[in-house]
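The following exercises practise reading a protein model step by step. Please attempt each task before turning to its solution.

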Amino acid sequence: MSGKVGFISLGCPKALVDSERILTQLKLDGYDISPNYDDADVVVVNTCGFIDSAKQESMDAINEAMKENGKVIVTGCMGKGADAEAIKTANPNVLSVSGPADYASVLGAVHEFVPPKVDGVEGGHNPYIDLMPPQGIKLTPQHYAYLKISEGCNHRCTFCIIPNMRGDLVSRPISDVVEEAKKLVDSGVRELLVISQDTSAYGVDMKYKLDFVDGTALETRMQDLAVALGELGIWVRLHYVYPYPHVDKVIPLMAEGKILPYLDIPFQHASPKILKLMKRPGNQEKVLERIKAWRAICPDLTIRSTFIVGFPGETEEDFQLLLDWLEEAELDRVGCFKYSPVEGATANQLPDPVPEDVQQQRWERFMETQQVISARRLQRKVGQTLEVLIDDVDEEGAVGRSAADAPEIDGNVFINDIESVVALGLEPGDMVQVTIEHADEYDLWGRLV
């Protein structure tokens, strides 16, 4: 055997970080990573089980890997319970099935079926000839990286099965998180995307334990972490923030430019009845007041959120409440999902399921409403000069993002001036000033200053 491992990573940024950690340890153990099935001695598939369409994508990936290679190790969110049994039933010859963040099981299976070798001799990693960068293997471009600060979740939202897959909240020590962040910055990362299942709850399981970072005493909590990361001189973006009262404390840091003026808050709905059925915080009128207060402190604040339409029991009145709330909140970036009865979600037992055609119609109305709001808010940026992080350079010019845009999920800033881009020698990771000249519902276009 050549000691090569193929790898397929599916799902959210948190799963991507799991993949990065597994790949880093495989490299340390002396394995090479193969980009294709033919050269791989074994293929690892990191699955996603959040909704039914994601499960089907994972099953398709496993089936393809079995067909093209035949030696497959499965891990991730489908690796537990009924989903794991379904995988074994569909593909009884898979070598191993394990749950999310179960690094030891994945690495043990790889070691079992492909013993590590160095220079053709079994024995594992040789530190003298196989140097590993301090930041480990990253699956993102060099200029940005995800920073996972905790695992699991203490919430029991009725539409979600993540606690069943990943367990209750387990926070990382703040000193460990900051140390990883520093290594990433030293490697050339210009933007850190802070992720977890519930970023606002960071440290609650540790009772906000006091820790020391560079001789400074910090509590293991979101605001102290934001202060520490804000000293690194790069973009810091907060994702998966629940609107707890202490979120108010990070808004001044955004206004001061310490961290990006960007909040990713999954509101999910606006109807008090539906929020109660979801087991989510239900006072959306108070949330509107807080949004206004946040914007008064930090006018450049961008708010991204996600919503579910067609939840069991949702009436036309509930849905209209959501549309009205959306109009008043004027959120910048919004994603919307039709309710998916994923196996194991307690919401599946609720009465009055919404028919699929009604779900589709409401999704379309929701997106039409939000597109008008997004276009209106982006139009206000025309004429402004924004700092832009370059993601790509192509034959037309350059593509980047402003502080308001997270990679993969938000919009882009297009610079269609190849002569200026070439003259400046722009590359991914460069920061430039761009004057905005045009906007649509999602993206911006501008010229270099």
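**Exercise 1: A loop residue and a far partner**

Task. Locate Glu 256 in the secondary structure, classify Glu 256 as buried or exposed, and state how far Glu 256 is from Ser 420 in sequence and in space.

Solution. The model is a predicted one.
- Step 1. Glu 256 sits in the loop that connects α8 (251-255) to β15 (262-264).
- Step 2. The relative accessible area of Glu 256 is 55%. Exposed means over 50%, so Glu 256 is exposed.
- Step 3. Between Glu 256 and Ser 420 there is a separation of 164 residues in sequence, and their C-alpha atoms are 32 Å apart in space.

**Exercise 2: A helix residue and its contacts**

Task. Determine which helix holds Gln 223, whether Gln 223 counts as buried or exposed, and which residues beyond its sequence neighbours Gln 223 is in contact with.

Solution.
- Step 1. Gln 223 belongs to helix α7, which covers residues 222-229.
- Step 2. Its relative accessibility is 10%. Buried means under 20%, so Gln 223 counts as buried.
- Step 3. When neighbours within four places in sequence are left aside, Gln 223 is in contact with His 246, Lys 249, Val 250 and Leu 253.

**Exercise 3: Two residues with positive phi**

Task. For Gln 268, give the value of phi, the position in the chain and the burial class. Then do likewise for Glu 408, with its phi, its loop and its accessibility.

Solution.
- Step 1. Most residues other than glycine have a negative phi.
- Step 2. Gln 268 has a phi near 75 degrees, which is positive although the residue is not glycine. For Glu 408, phi is likewise near 75 degrees, a positive value in a residue other than glycine.
- Step 3. Gln 268 is placed in the loop between β15 and α9 (272-278), while Glu 408 is in the loop between β19 (398-401) and β20 (413-415).
- Step 4. Gln 268 has 9% relative accessibility and counts as buried, whereas Glu 408 has a relative accessible area of 70% and is exposed.

**Exercise 4: Distance in sequence and distance in space**

Task. Describe the surroundings of Pro 353, Lys 292 and Thr 75, and give one C-alpha distance for each of them.

Solution.
- Step 1. Pro 353 is in the loop between β17 (333-338) and α12 (356-379). With 64% relative accessibility, Pro 353 counts as exposed. Pro 353 and Glu 314 are 39 residues apart along the chain, and their C-alpha atoms are separated by 8.0 Å.
- Step 2. Lys 292 lies in helix α10 (residues 284-297) and counts as exposed at 52% relative accessibility. Lys 292 is 211 residues from Gly 81 in sequence and 44 Å from it in space, C-alpha to C-alpha.
- Step 3. Thr 75 is part of strand β4 (residues 72-76) and counts as buried at 2% relative accessibility. The C-alpha atoms of Thr 75 and Val 97 are 5.6 Å apart, with these positions 22 residues apart in sequence numbering.
- Step 4. Apart from neighbours within four places in sequence, the residues in contact with Thr 75 include Val 44, Val 45, Asn 46 and Thr 47, as well as Ser 98, Gly 99 and Val 106.

**Exercise 5: The protein as a whole**

Task. Why can the protein be called as compact as a globular protein of its length? Report also its burial, its surface, its charges and the confidence of the model.

Solution.
- Step 1. The protein has 13 helices and 22 strands. Its radius of gyration is 23 Å, close to the 22 Å that the globule rule gives for 449 residues, so the protein is as compact as a globular protein of that length.
- Step 2. Of the 449 residues, 54% are buried. Among contacts between residues at least 6 apart in sequence, 73% join residues at least 24 apart.
- Step 3. The accessible surface comes to about 19,700 Å², and carbon and sulfur atoms account for 51% of it.
- Step 4. There are 43 positive and 71 negative side chains, and the centres of the two sets lie 6 Å apart.
- Step 5. The mean pLDDT is 91, and 95% of the residues reach 70 or more. Over residues 119-132, however, pLDDT stays under 50.

Note on methods:
Residues numbered from 1 in each chain as written. Predicted model: local features only at pLDDT ≥ 70, side-chain atom pairs only at ≥ 80, totals over all residues. Heavy atoms only, no water. Helix = DSSP H or I, 4+ residues; strand = E, 2+ residues; numbered from the N terminus. Rg over C-alpha atoms; globule rule 2.2 N^0.38 Å. Buried < 20%, exposed > 50% of the residue type's maximum accessible area, 1.4 Å probe, protein only. Contact = heavy atoms within 4.5 Å. Areas by Shrake-Rupley, 256 points an atom, 1.4 Å probe, with all protein chains shown as cover. Lys, Arg positive; Asp, Glu negative; His and termini not counted. Charge placed at Lys NZ, Arg CZ, Asp CG, Glu CD. pLDDT = per-residue confidence, 0-100.
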